[in-house]
Amino acid sequence: MSAEPILSLRGVSKRFGGLQALGDVTFDVRRGEILGLIGPNGAGKTTLFSALVGLHRIDSGSILLGGREIARLAPHRVAALGLTKTFQNVALFADASVLDNVLIGGLLRRDVAGARAFAAECLARVGLTGIADKKAGDLSFPERARVEVARALATEPTVLLLDEVMAALNHAETAEIVALLRQLRAEGLTLIVVEHHMKTVMALCDRIVALSFGRLLASGSPAEIARHPDVVAAYLGREYVG
Ligand SMILES: Nc1ncnc2c1ncn2[C@@H]1O[C@H](COP(=O)(O)OP(=O)(O)OP(=O)(O)O)[C@@H](O)[C@H]1O
Ligand SMILES: [Mg+2]
């Protein structure tokens, strides 16, 4: 893991009318780490992801990807530079095939034929072969989670933002996705993971950043976050002991 951050947020703020959804958020993401992003419902986690990938224009602050300012770039430019997110409440095209859903991600860098071939590779990479022709609307929750990841991988990210991809999964299914995410990290990706299930977050992540009401509450190792008084008060309810 290199000391130079792959992603740096400095004073990132975003307001929706009277609501300060993100207030002066500053933290770094290290190259090759799995960073957890936690906080209560409405804390601003999804808003932060959307701001990072250019879907929300931030009001102030700076977002550096590999040292380059990306805060005011269009989403396709951010994706082309290697930063991609999955969507909370899975946004697959239900009537399209699995392959076509993944192919969409691949169109960022390839023509249709190239994207089609690459989509098959991405499906294999997430452990999904043999369902390429299935309708996305007919998938089980664990299959959908993998297809979401495959579609994001099809954009060839260096930093992948995962917004509650494990939310609908049971214990065994979660463990399989955790193994997949570890494998992606071993292949060189940097991951930021939003999940509410604390046991999963604590076991998966190298470091954790906690948000509340759009503000950074704390950042640190899982052990530090589990007993951080502000995180306990705002989110965990009690010290997390696993
Ligand atoms: N497009 C929008 N317009 C107006 N307000 C929004 C918009 N998107 C989010 N918000 C508000 O911003 C705040 C942060 O929402 P966000 O979805 O980022 O929270 P979250 O941390 O992802 O929550 P959850 O854990 O429930 O997914 C909430 O109060 C939400 O209602
Ligand atoms: Mg959210």
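**Two sheets, a shared helix and a ligand**

Let me begin with one of the two sheets I want to show you, an open one in which four strands lie in the order S2-S1-S4-S5 and pair in the antiparallel sense. At the edges of this sheet stand S2 and strand S5, which covers 68-69, and each of them has a single partner strand, so one side of each is left without a neighbour in the sheet. I should say straight away that what we are looking at is a predicted model, and I will try to keep my wording careful for that reason.

As a reminder for anyone who has not looked at sheets for a while, the strands of a sheet pair through backbone hydrogen bonds, and they do so either parallel or antiparallel.

Let us go through the pairs. S1 and S2 run antiparallel and are joined by eight bridges, and if you would like one example to find on the screen, Leu7 has Val29 in S2 as its bridge partner. These two strands form a hairpin with two residues between them, and in that hairpin Gly17 takes a positive phi near 55°. On to the pairing of S1 with S4, which is again antiparallel and is made by five bridges; here Ser8 has Leu64 in S4 as its bridge partner. Strand S4, residues 60-65, is in turn joined to S5 by two bridges, with the strands running antiparallel, and Leu64 appears once more, with Glu69 in S5 as its bridge partner. Helix H1 packs on this sheet, where it touches strand S1 (5-16), S2 and S4, and the direction of H1 makes about 115° with that of S1.

Now to the other sheet, which is also open, and in which six strands follow the order S6-S7-S8-S3-S9-S10 with mixed pairing. Its edges are strand S6 (83-85) and strand S10 (215-220), and because each has a single partner strand, one side of each is left without a neighbour in the sheet. From one strand to the next, the twist averages 20°. Towards the S10 edge, strand S9, residues 207-212, pairs with S10 in the antiparallel sense over five bridges, and Val209 has Ser219 in S10 as its bridge partner.

Which strands of this sheet does H1 touch? The helix packs on the sheet against strand S3 (34-38), S6, strand S7 (159-163), strand S8 (190-194) and S9, and its direction makes about 150° with that of S7. Helix H9, residues 229-236, packs on the sheet as well, touching S3, S9 and S10, with a direction that makes about 125° with that of S10.

Next, the ligand. There are 14 residues around ligand 1, and those that come nearest are Asn41, Gly42, Lys45, Thr47 and His196. By class, this shell is made up of five nonpolar, seven polar and two charged residues. Looking at individual atoms, a polar side-chain atom of Thr47 lies 2.6 Å from an oxygen atom of ligand 1, while an N or O atom in the side chain of His196 is 2.8 Å from an oxygen atom of the ligand. With Ala43 it is the backbone that takes part, through an N or O atom that lies 3.2 Å from an oxygen atom of ligand 1. Taken alone the ligand exposes 640 Å², and the protein buries 62% of that. Strand S2 (19-30) and helix H1 (45-52) are the elements that give two or more residues to the shell, and H1 gives the most, with three.

I will finish with a pair of helices. Two packed helices are described by the angle between their axes and the distance between the axes. For helix H3 (residues 98-106) and helix H5 (residues 141-153), the angle is about 35° and the axes are 6 Å apart. The contact brings Val98, Asn101, Val102 and Gly105 of H3 to Val147, Ala150 and Arg151 of H5, and these residues divide into four nonpolar, two polar and one charged.

How values were computed:
Residues are numbered from 1 along each chain as its sequence is written. Chains are lettered from A and ligands numbered from 1 in the order in which they are written. This is a predicted model: local features need pLDDT of at least 70, side-chain atom pairs count only at pLDDT 80 or more; totals for chains, interfaces and linings use all residues. Side-chain values use heavy atoms; hydrogens and water are left out. Axes are lines fitted to C-alpha atoms, for helices over the stretch in contact, and angles run from 0 to 180 degrees between N-to-C directions. Contact means heavy atoms within 4.5 Å. Ala, Val, Leu, Ile, Met, Phe, Trp, Tyr, Cys and Pro count as nonpolar, Asp, Glu, Lys and Arg as charged, and the others, Gly among them, as polar. A residue is near a molecule or strand if one of its heavy atoms lies within 4 Å of it. A polar contact is a pair of N or O atoms within 3.5 Å; within protein, one must be able to donate a hydrogen and the other to accept it, and residues adjacent in sequence count only if both atoms are side-chain atoms. Accessible areas come from the Shrake-Rupley method with a 1.4 Å probe; for residues, only the protein chains shown count as cover. Two strands pair if DSSP finds at least two bridges between them.
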